Amino acid sequence: MHFLTLDELTVEDIYEVLHQAEALKNHKPLPRPDLYAVNLFFENSTRTKCSFEMAQRKLGMNVLSFEAGTASISKGESLYDTVKTLEAIGVDVAVIRHSEERYFDALKGKVSISLINGGDGMGHHPSQCMLDLLTIYQEFGRFKGLNITIAGDIRHSRVARSNTYALKRLGANVNFSGPTAWRDPDMEEISFIEMDQAVKESDVVMLLRVQHERHAFGENFTKQEYHNQYGLTLEREKKMKKNSIIMHPAPVNRGVEIADELVECERSRIFKQMKNGVFTRMAMLQYVLAKREETKHELIN
Ligand code: CP
């Protein structure tokens with residue numbers, strides 16, 4: 001059993017993980033020292049890597065250290081052989097972040113270790129999506145009928161892709177906002193609105209990081225021009241709906257997609273998202289490991 005994309009879960013499964021994440025906030029689970037986890041990050045990460053490790057430790061699991069830079073991948077070993085090796089030495093679950101979209105297709109059905117996708121290129125980011133869903137659910141107690149604007153570099157964002165489809169399945173109305181050049185031709189069915197309209201109509205304004213590694217500022221606009229035209233400025237925040245919230249997966253470019261002062265303002269849930277990330281990832285690990293144990297039990301009987 002793996003946790004690779006949200007499409008693989010039913011709506012009932014999504015709610016099960018969200019309710020379990022909420023329960024874990026107030027309930028310490030029995031430690032599982034019999035279980036071994038490893039986090040294979042071939043792309044940089046602070047939040048996802050550290051909060052998965054925190055989640056594994058809070059579940060009382062053993063966590064193996066793995067650094068991509070010093071692993072035998074640098075000698076040419078494939079991802080498949082790396083995962084098979086970890087499986088052979090007794091690892092139960094591997095969290096993987098990789099720059100290649102759908103890297104997991106080469107592993108599915110061929111490894112018995114459970115895999116959790118920590119982000120695949122521009123493809124999917126299921127744990128970010130689940131923690132975003134938890135943050136919205138805690139705030140509003142529902143998804144149906146909520147207006148959610150996702151703003152920024154839609155085309156290159158695995159967060160936009162995962163969140164859009166999950167939120168729509170759960171009944172929310174999703175719009176995009178941002179530069180025309182960053183629209184995603186695969187998601188043409190989602191309406192684009194100006195940021196001035198988005199702040200007036202949205203219950204959630206979800207900002208995305210401008211990915212400097214993909215776009216050189218100065219080509220189309222300066223940081224200040226981006227902020228003024230597409231960003232959440234101090235003036236725009238004043239026009240946001242009553243009880244609406246600001247979200248961002250982080251890392252944040254303060255003063256670009258969001259005014260520096262708004263990152264920690266009353267409406268911002270940015271650091272709450274990170275806190276929720278630990279409980280969400282604990283629930284995801286428990287979900288995967290429970291299914292894994294069910295499968296083993298079925299094989300024995
Ligand atoms: N939001 C997110 O995925 O952050 P990291 O890249 O730091 O893991």
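These are my notebook entries on a predicted model, covering two sheets, a ligand site and two backbone details.

**Entry 1: the record**

I began with the UniProt record. An unreviewed entry there lists residues 2-138 as "domain: Aspartate/ornithine carbamoyltransferase carbamoyl-P binding". I then looked at that span in the model. Its end C-alpha atoms lie 26 Å apart. Helix makes up 36% of the span and strand 16%.

**Entry 2: sheet with strands 1 to 4**

I looked up the strand order and found 2-1-3-4, in an open sheet of 4 strands with parallel pairing. Strand 2 (62-64) and strand 4 (114-120) are the edge strands, and each of them pairs on one side only. Neighbouring strands here are turned by 20° against each other on average, with direction ignored.

I followed one pair in detail. Strand 3 (residues 93-98) runs parallel to strand 4 and is joined to it by 5 bridges. In this pairing I noted that His 98 stands opposite Asp 120 of strand 4.

Which helix packs on this sheet? I found helix 3 (residues 79-88), which touches strand 1 (36-41), strand 3 and strand 4. The direction of helix 3 makes about 160° with that of strand 1.

**Entry 3: sheet with strands 5 to 8**

I repeated the lookup for the other set of strands. They form an open sheet of 4 strands in the order 6-5-7-8, with parallel pairing. Why is one side of strand 6 (173-177) and of strand 8 (245-247) left without a neighbour in the sheet? Both stand at the edges and each has a single partner strand, so one side of each stays unpaired in the sheet. From one strand to the next I noted an average twist of 20°.

Strand 5 (residues 147-151) and strand 7 (residues 204-207) run parallel and are joined by 4 bridges. Within this pair, I find Ile 148 opposite Val 204 of strand 7.

I also checked helix 4 (residues 126-140). Helix 4 lies across strand 5, strand 7 and strand 8, and it runs at about 170° to strand 8.

**Entry 4: the ligand**

I listed the residues around the ligand: Ser 45, Thr 46, Arg 47, Thr 48, Arg 97, His 125, Gln 128, Pro 249 and Ala 250.

Next I looked at polar atoms beside ligand oxygens. A polar side-chain atom of Ser 45 is 2.6 Å from an oxygen atom of the ligand. For Thr 48, a polar side-chain atom lies 2.7 Å from a ligand oxygen atom. With Arg 47 the atom concerned is a polar backbone atom, 3.0 Å from an oxygen atom of the ligand.

How much of the ligand's accessible area does the protein cover? On its own the ligand has 260 Å² of accessible area, and the protein covers 90% of that.

**Entry 5: backbone details**

Ala 250, one of the residues around the ligand, is joined to Pro 251 by a cis peptide bond, with omega about 5°. I placed Pro 251 in the loop between strand 8 and helix 9 (270-300).

My last lookup was Asn 243. Although Asn 243 is not a glycine, it has a positive phi of about 65°. I placed Asn 243 in the loop between helix 8 (234-238) and strand 8.

Note on methods:
Residues numbered from 1 in each chain as written. Predicted model: local features only at pLDDT ≥ 70, side-chain atom pairs only at ≥ 80, totals over all residues. Heavy atoms only, no water. Pairing = 2+ DSSP bridges. Helix = DSSP H or I, 4+ residues; strand = E, 2+ residues; numbered from the N terminus. Axes fitted to C-alpha atoms, helices over the stretch in contact; angles between N-to-C directions. Contact = heavy atoms within 4.5 Å. Near = heavy atom within 4 Å. Polar contact = N/O pair within 3.5 Å; in protein donor to acceptor, adjacent residues only side chain to side chain. Areas by Shrake-Rupley, 256 points an atom, 1.4 Å probe, with all protein chains shown as cover. UniProt positions renumbered as here; feature names shortened; annotations may be inferred.
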